[in-house]
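Subject: Structure handover

Hello,

Here is the structure I said I would pass on. My notes on what turned up in it follow below the structure.

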Amino acid sequence: MRILLLSQWFDPEPAIKGMPFVRALIRAGHEVRVLTGFPNYPGGKVYPGYRIRPWKHEVIDGVRITRVWLYPSHDRSAIGRAANYLSFAFSATVAGLLMRFKPDVLYVYHPPLTVGAAAAVIGGIRRIPFVYDVQDLWPDTLHATGMINSGAILRVIGRVANWVYRRAAIVTAQSPGFVERLAERGVPRDKIRLVYNWCDEDSLENGAANGSIDLRAIDGRFNVIFAGNMGKAQALRSVLDAAALVATRDVRVQFVFVGGGTEEAALRVEAHARGLSNVVFLPRVEMSEVGQLLAAADVLLVHLRNSPLFAITLPSKTQAYLFAAKPILMAVSGDATHLVRQAGAGRCTPPEDAASLADAVVQLAELPATERAELGARGRRFYDEFLSLETGTRHMISAFEAAVAHEAGT
């Protein structure tokens, strides 16, 4: 098949369905091209070596990539985010309509919803079926994270989302809960495919073996590491509360926050004001170094707000944590907790429950090292069987084939 991958974010930005996915598709015998934006995520600053222009063609590892103009932004401003999303959607629509490459199928990564709208226009005019990979449920996510609170705007976004779902040939969902929610919103079940995400296996494995970051700040203690975005959705003040409780117990536990985000500065200030000496903040590291960082952890933490939406979400770091073969402390209800329990890979606590989180940390710290190692090993075996890049790519190719067959039958 000839596949056009349409995503606002792509390498060198952190992306779940980035270059490793493209390479896997090529190994399976397919031709792939990429239509994306100029890299600026997650900081909203254009990456070194790039500058904003109407378009740019480049080749990375033999893959032809077209980058189109967008307004770079990823701050707390709803206006800035909207400008970022809408500008890319406009540019991608123009490029997708004018490009000579005629794919058999469009693969479309959501969020944001505006990318789906662009795909619907491109696919409708050029008669190209598209597979819509739903990683966030809009408008639910926008409301749950506090990005948009206007009921009128949320209803408009909901109607646009339903229009995109109708236009898509196949809709893929990242969790069982997403499958059910999409069906509730009227998407026919025979159009929905469950395809679990995977992690960047090469970067994590090679990074763990060849990393060069300075780990002296986290040596000598039992390290509970949270790696990733620190935004409102993560509700990490509850983790600071848990750290305060653990500090009163007879264990040498350290909470390590790695990354950045809209709440990072406030979390740093609060930890300092509260005198939490068992909390350490480290800057965001490159994907090539994340493997080394995860390998240095004793426990890996996932935490999200207590929200019905997040109960049907599988945070993307879950797959990376399972791959790293470390015990997982899952403080997310619903599907994420079910997955960790199914894998037998760690402990689960209710979200935003500092006392339960503190107790679980202490329990894990007091386990024999051999038992913690077995938790990690079970997680890795589960990942290899059900969540790997190889497994996910096979399911995605099946979805592409179904989309092409759907178009041929219409």
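A question to begin with: in which loop is the place of A235? The answer is the loop between β9 (222-227) and α8 (237-246). Please keep in mind throughout that this is a predicted model.

Backbone

A235 is worth a look for its backbone. Its phi is positive, at about 50 degrees, although the residue is not a glycine. Most residues other than glycine have a negative phi. A235 is also buried, with a relative accessible area of 13%.

A325 is another residue other than glycine with a positive phi, in this case near 60 degrees. You will find A325 in the loop between α11 (317-323) and β13 (328-331). Is A325 buried or partly exposed? A325 is partly exposed, because its relative accessible area is 31% and buried would require under 20%.

There are also cis peptide bonds to note, whereas most peptide bonds are trans. One runs from D11 to P12, with omega near 10 degrees. P12 belongs to the loop between β1 (2-6) and α1 (19-27). Another cis bond runs from H110 to P111, and its omega is near 25 degrees. P111 is located in the loop between β5 (105-110) and α3 (113-126).

Sheet

One open sheet is built from six strands. Read across the sheet, the order is β11-β10-β9-β12-β13-β14, with parallel pairing. At the edges are β11 (279-282) and β14 (346-348), each of which pairs on one side only. On average, neighbouring strands in this sheet are turned by 20 degrees against each other, direction ignored.

Within the sheet, β10 (residues 253-258) pairs with β11 in the parallel sense, over four bridges. V258 stands opposite L282, which is in β11.

Aromatic pairs and charges over rings

How many aromatic pairs does the structure hold? There are eleven aromatic pairs. One of them is F21 with Y107, an edge-to-face pair with 5.4 Å from centre to centre and 70 degrees between the planes. F21 lies in helix α1 and Y107 in strand β5, so this pair ties together parts that are 86 residues apart in sequence. Both F21 and Y107 are buried.

A tilted pair is formed by Y132 and Y165, with centres 6.0 Å apart and planes at 55 degrees. This pair links distant parts of the chain, with Y132 in strand β6 (residues 130-134) and Y165 in helix α5 (residues 151-167), 33 residues apart. Y132 is buried at a relative accessible area of 0%, and Y165 is buried at 4%.

F21 and Y107 also belong to an aromatic cluster, together with W198 and F400. W198 has a charge over its ring as well: the charged end of K17 sits there, 4.9 Å from the ring centre. Elsewhere, R380 lies over the face of F323, at 3.9 Å from the ring centre.

Nonpolar cores

The largest nonpolar core has 106 residues. Which residues have the most contacts inside this core? They are F130, Y132, Y165, I225 and F400. Helix α15 (residues 389-409) supplies the largest share of the core, namely seven residues.

F400 touches M1, I3, F21, L25, V105, Y107 and V131, leaving out residues up to four places away in sequence. F21 and Y107 are thus on the contact list of F400 as well as in its aromatic cluster.

Another core lies apart from the largest one. This other core has 31 residues, including L267, L276, L357 and A360.

L339

The last residue on my list is L339, in helix α12 (residues 335-343). L339 counts as buried, because its relative accessibility is 3%. Setting aside neighbours within four places in sequence, L339 is in contact with L314, T318, L322, F382 and L387. F90, by contrast, is 38 Å from L339 in space, C-alpha to C-alpha, and 249 residues from L339 in sequence.

Regards

Technical notes:
Residues numbered from 1 in each chain as written. Predicted model: local features only at pLDDT ≥ 70, side-chain atom pairs only at ≥ 80, totals over all residues. Heavy atoms only, no water. Pairing = 2+ DSSP bridges. Helix = DSSP H or I, 4+ residues; strand = E, 2+ residues; numbered from the N terminus. Axes fitted to C-alpha atoms, helices over the stretch in contact; angles between N-to-C directions. Buried < 20%, exposed > 50% of the residue type's maximum accessible area, 1.4 Å probe, protein only. Phe/Tyr/Trp six-rings, centres within 6.5 Å; stacked < 30°, edge-to-face > 60°. Lys NZ or Arg CZ within 6 Å of the ring centre and 35° of its normal. Core = buried A, V, L, I, M, F, W, Y, C linked by side-chain atoms within 4.5 Å. Contact = heavy atoms within 4.5 Å.
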